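This report concerns side-chain contacts between aromatic rings and between charged groups. The sequence and the structure are shown first.

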Amino acid sequence: GNAHFEDTRRREKELRERGIHFVGVGISGGEEGALNGPSIMPGGSPESYASLGPMLEKIAAQAKDGTPCTAHIGPDGAGHFVKMVHNGIEYADMQLIAEAYDLLRAVAGYSPAQIADVFRTWNTGRLDSYLIEITAEVLAHTDAATGKPFVDIVQDRAEQKGTGRWTVQIALDLGVPVSGIAEAVFARSLSGHADLREAARGLPGPTPEPLDEAAAAAFADRVEQALYASKIVSYTQG
């Protein structure tokens with residue numbers, strides 16, 4: 001699961017000195033991974049992987065060519081380090097999707113249901129991903145009690161498990177620029193200050209001009225291009 005890689009390094013060293021193999025393993029896949037196999041990121045010694053590897057390769061998800069989604073990442077805390085960075089990239093990915101939604105809502109004037117349709121279309125092309133898929137499902141959902149789009153009544157606050165923040169902290173220590181991931185972490189922090197965001201709603205700012213159907217569709221195409229380019233940047237930074 002998620003553990004700070006420095007804790008894993010410490011535990012591995014302490015147990016190795018006692019003659020015990022300790023393997024820190026990053027796991028990714030959520031509910032789907034639990035049912036059909038996750039991506040597995042083990043650290044530890046090569047000797048440990050020689051023993052555990054065959055079992056992990058059976059448990060792991062399989063790529064289209066049958067390759068198991070696991071490998072020996074490296075010594076001590078390497079597995080948890082890679083999982084940390086993986087989560088940091090995912091923070092950025094989710095923030096980019098949220099910003100794409102906001103642009104389609106505020107500028108193109110689309111409803112949540114219309115944006116769900118846009119996201120479904122995107123999910124058939126180069127933006128195909130689990131996050132795009134589930135975002136479309138959420139945007140299409142209507143609250144049974146109020147009849148309103150679920151996205152309009154759910155609390156707009158995102159919690160953190162810490163891995164995105166750890167990624168940014170380590171990047172600062174190493175002098176590696178991860179601006180997209182950092183801004184995603186800051187956005188989550190900002191989401192926790194609902195009172196400040198509510199106070200800011202009254203501040204003057206630009207008002208988008210209404211777009212006709214053709215202009216809105218063209219704008220949505222540009223948002224798709226921007227989202228794709230931004231995802232490449234985030235993955236590269238990670």
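The text below treats aromatic pairs, charges over rings and salt bridges in turn.

**Aromatic pairs**

The model is predicted. Across the whole structure, the search yields 2 aromatic pairs. In one of them, the ring centres of F5 and F81 are 4.9 Å apart and the planes stand at 85 degrees; since angles over 60 degrees count as edge-to-face, the pair is assigned to that class. The contact joins distant parts of the chain, with F5 in helix α1 (residues 5–16) and F81 in helix α4 (residues 78–106), 76 residues apart. F5 is buried, at 9% relative accessibility, whereas F81 is partly exposed, with a relative accessible area of 29%.

The rings of F119 and W122 have centres 5.0 Å apart and planes at 25 degrees, so this pair is stacked. These two residues belong to helix α5 (residues 112–122), where a spacing of 3 residues places about one helical turn between them. Both F119 and W122 are buried.

**Charges over rings**

Arginine side chains also lie over tyrosine rings. R126 sits over the face of Y228, at 4.2 Å from the ring centre. In a like arrangement, R188 lies over the face of Y91, at 3.9 Å from the ring centre.

**Salt bridges**

The count of salt bridges comes to 12. Among them are the three listed here.

| Salt bridge | N to O distance |
|---|---|
| R9 and D76 | 3.5 Å |
| E12 and R16 | 2.9 Å |
| R120 and D117 | 2.6 Å |

The bridge between R9 and D76 links distant parts of the chain: R9 is in helix α1, while D76 is in the loop between α3 (46–59) and α4, and 67 residues separate them. R9 is partly exposed, at 39% relative accessibility. R9 and D76 are also linked with E6 in a network of salt bridges.

E12 and R16 both lie in helix α1, 4 residues apart, which is about one turn of the helix. Their surroundings can be stated separately: E12 is buried, with a relative accessible area of 7%, and R16 is partly exposed, at 48% relative accessibility.

R120 and D117 are 3 residues apart in helix α5, so about one helical turn separates them. R120 is partly exposed, with a relative accessible area of 41%; D117 is likewise partly exposed, at 44% relative accessibility.

Definitions and conventions
Residues numbered from 1 in each chain as written. Predicted model: local features only at pLDDT ≥ 70, side-chain atom pairs only at ≥ 80, totals over all residues. Heavy atoms only, no water. Phe/Tyr/Trp six-rings, centres within 6.5 Å; stacked < 30°, edge-to-face > 60°. Buried < 20%, exposed > 50% of the residue type's maximum accessible area, 1.4 Å probe, protein only. Lys NZ or Arg CZ within 6 Å of the ring centre and 35° of its normal. Salt bridge = Lys/Arg side-chain N within 4 Å of Asp/Glu carboxyl O.
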